[in-house]
Amino acid sequence: MGLENPSNEGPDWKQCTVQGDQPHCTLDNREGDRKGILVPAAQCTTFRERVKTEDELKQLVCCPVFHSEPNCGRLSQYEEVFSFDSRETQLDQFPWTAMILLRRVRKIVCSGSLINSRFVLSAAHCFVAVRGASKHASDYRVRLGDWDLGQDEDCMYVRGQYVCNLQQPVDYGVEMIVTHGSFERQRRDLLHDIALLQLTVPVEYGVQIGPACLPNWSIEVPEIVGQNFTVTGWGRTKSFAGLIRKYKIEMMGRNVSACAKAYGLRAAEVPRIHLCAGGVSRRDVCHGDSGGGLLRREANHWVLAGIISFGPYRCGIPLPGVYTNVAYYLDWIQWVIDKSVKL
């Protein structure tokens with residue numbers, strides 16, 4: 001089955017081919033075949049901004065969505081090593097975890113997750129000022145490959161042996177920051193709290209640095225109640241104080257109604273674009289963790305299911321946290337990446 005591009009503008013999609021009964025299709029362009037999702041144009045960021053009539057919005061299109069790299073979501077080589085502290089991470093665990101800092105001072109602004117060699121996924125509220133002008137992309141830097149903020153060399157005991165990371169953490173400049181066009185910093189529900197940071201140069205992968213896996217595209221209400229999740233970060237990190245090592249916290253998925261009740265979330269789109277998790281006293285994320293990942297273990301890899309958005313004003317009190325549902329935004333993520341190539 002072939003479907004023509006509904007517009008002659010924008011990307012050079014020549015035709016779409018439906019594969020079986022699934023809503024997947026192939027994008028045939030000058031860069032080679034890429035997989036897409038067959039949806040009405042109204043549901044696809046790439047086409048939604050270009051179509052001009054109601055009929056065109058209803059037309060099926062092959063929507064380009066982000067696909068994770070083959071080596072994404074890598075497990076630690078020490079994954080099964082026992083630790084007396086359940087919060088402790090291994091040296092090479094969660095290698096996509098990024099710190100976003102101000103360029104000229106040693107201050108962590110937010111966290112993020114590396115999704116390919118040029119882009120870091122984070123939260124929009126980290127970069128949009130409540131009042132006045134927001135900082136320029138060049139005012140930030142992204143650090144990858146760090147574990148212990150207080151040491152020049154990252155080392156720990158593993159099975160009785162003293163093991164150290166062979167590479168130093170790497171800082172990357174930020175070329176561009178794109179926040180979702182529908183994000184409004186003044187809203188209490190922080191709808192569409194998602195941002196992409198384009199790095200100035202490609203990242204070199206290694207033992208300590210690698211990309212996260214993203215979930216499959218979906219605009220349905222996610223069912224995560226009772227599922228196990230893990231979040232990572234450095235805790236109360238408005239400065240390099242507090243927990244100085246990368247840590248992890250395990251938590252359970254909740255019905256989004258628990259977060260709606262806790263924070264007065266009333267927008268109709270909340271159940272599809274927000275995830276709700278946690279709520280156990282003293283087992284939650286805190287300042288500096290915003291933009292980091294809510295992770296789900298799947299077989300032999302980790303999947304970045306959510307982006308840390310907001311929670312209780314005081315860290316550690318028993319209220320669940322709100323996370324941006326990554327699966328809902330895979331078309332937006334790919335749209336940003338495709339636009340960056342053409343700039």
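What percentage of the 343 residues of the protein chain count as buried? The share that count as buried is 54%, where buried means under 20% relative accessible area, exposed over 50% and partly exposed in between, with a 1.4 Å probe and protein chains only. The model is predicted, and local features need pLDDT of at least 70, side-chain atom pairs count only at pLDDT 80 or more, and totals for chains, interfaces and linings use all residues. Residues are numbered from 1 along each chain as its sequence is written, and side-chain values use heavy atoms, with hydrogens and water left out.

## Overall layout

The protein chain has five helices and 19 strands; these are DSSP runs numbered from the N terminus, helices being H or I with at least four residues and strands being E with at least two. Among contacts in the protein chain with a separation of 6 or more, 68% come from residues 24 or more positions apart, a contact being heavy atoms within 4.5 Å.

## Nonpolar cores

In soluble globular proteins, nonpolar side chains tend to be buried together. A nonpolar core is here a set of buried Ala, Val, Leu, Ile, Met, Phe, Trp, Tyr and Cys residues joined through side-chain atoms within 4.5 Å. The largest nonpolar core has 71 residues, and those with the most contacts inside it are Leu121, Val142, Leu196, Leu214, Trp332 and Ile333. Helix H5 (residues 330-342) gives the most to this core, contributing six residues. When residues up to four places away in sequence are not counted, the residues that Leu121 touches include Ile194, Leu196, Leu214, Leu304, Val326 and Ile333. Apart from this core lies another, of 13 residues, with Ile224, Ile249, Met251 and Ala277 among them.

## Disulfides

The structure holds six disulfides, each a pair of cysteine sulfur atoms within 2.5 Å. Three of them are set out below.

| Disulfide | S to S distance | Torsion about the S-S bond | Hand |
|---|---|---|---|
| Cys25 and Cys62 | 2.0 Å | 105° | right-handed |
| Cys72 and Cys213 | 1.9 Å | about 90° | right-handed |
| Cys110 and Cys126 | 2.0 Å | about -90° | left-handed |

Because Cys25 lies in strand E3 (residues 24-29) and Cys62 in strand E5, their disulfide ties together parts that are 37 residues apart in sequence. Cys25 counts as buried at 0% relative accessibility, and Cys62 counts as buried at 0% as well. The disulfide of Cys72 and Cys213 links distant parts of the chain, with Cys72 in the loop between E5 and E6 and Cys213 in the loop between strand E13 (195-199) and strand E14 (228-233), 141 residues apart; Cys72 and Cys213 are buried. Cys110, in strand E7 (residues 108-114), and Cys126, in the loop between strand E8 (119-122) and strand E9 (140-144), are 16 residues apart, and both are buried.

## Aromatic pairs

A search of the whole structure finds six aromatic pairs, for which rings of Phe, Tyr and Trp (its six-membered ring) need centres within 6.5 Å, with planes under 30 degrees apart counted as stacked, over 60 as edge-to-face and the rest as tilted. Phe94 and Trp302 form one edge-to-face pair, at 5.2 Å centre to centre and with 65° between the planes. This pair links distant parts of the chain, since Phe94 sits in the loop between strand E5 (60-64) and strand E6 (97-102) and Trp302 in strand E18 (residues 301-310), 208 residues apart. Phe94 and Trp302 are buried, and ring pairs link Phe94, Trp96 and Trp302 into a cluster. Arg297 lies over the face of Trp302, at 6.0 Å from the ring centre; the criterion is NZ of Lys or CZ of Arg within 6 Å of the ring centre and within 35 degrees of the ring normal.

The rings of Tyr328 and Tyr329 have centres 5.0 Å apart and planes at 70°, so this pair is also edge-to-face. Tyr328 is buried with a relative accessible area of 19%, and Tyr329 counts as buried at 1%.

## Helix H3

In helix H3 (residues 256-263), the buried residues include Val256, Ala258, Cys259 and Tyr263. These residues cover an arc of only 155° around the axis, which puts them on the same side of H3, the arc being that of the directions from the helix axis to the C-beta atoms. The buried residues of H3 pack against strand E15 (247-254), helix H4 (270-273), strand E16 (274-277), E18 and strand E19 (321-325).
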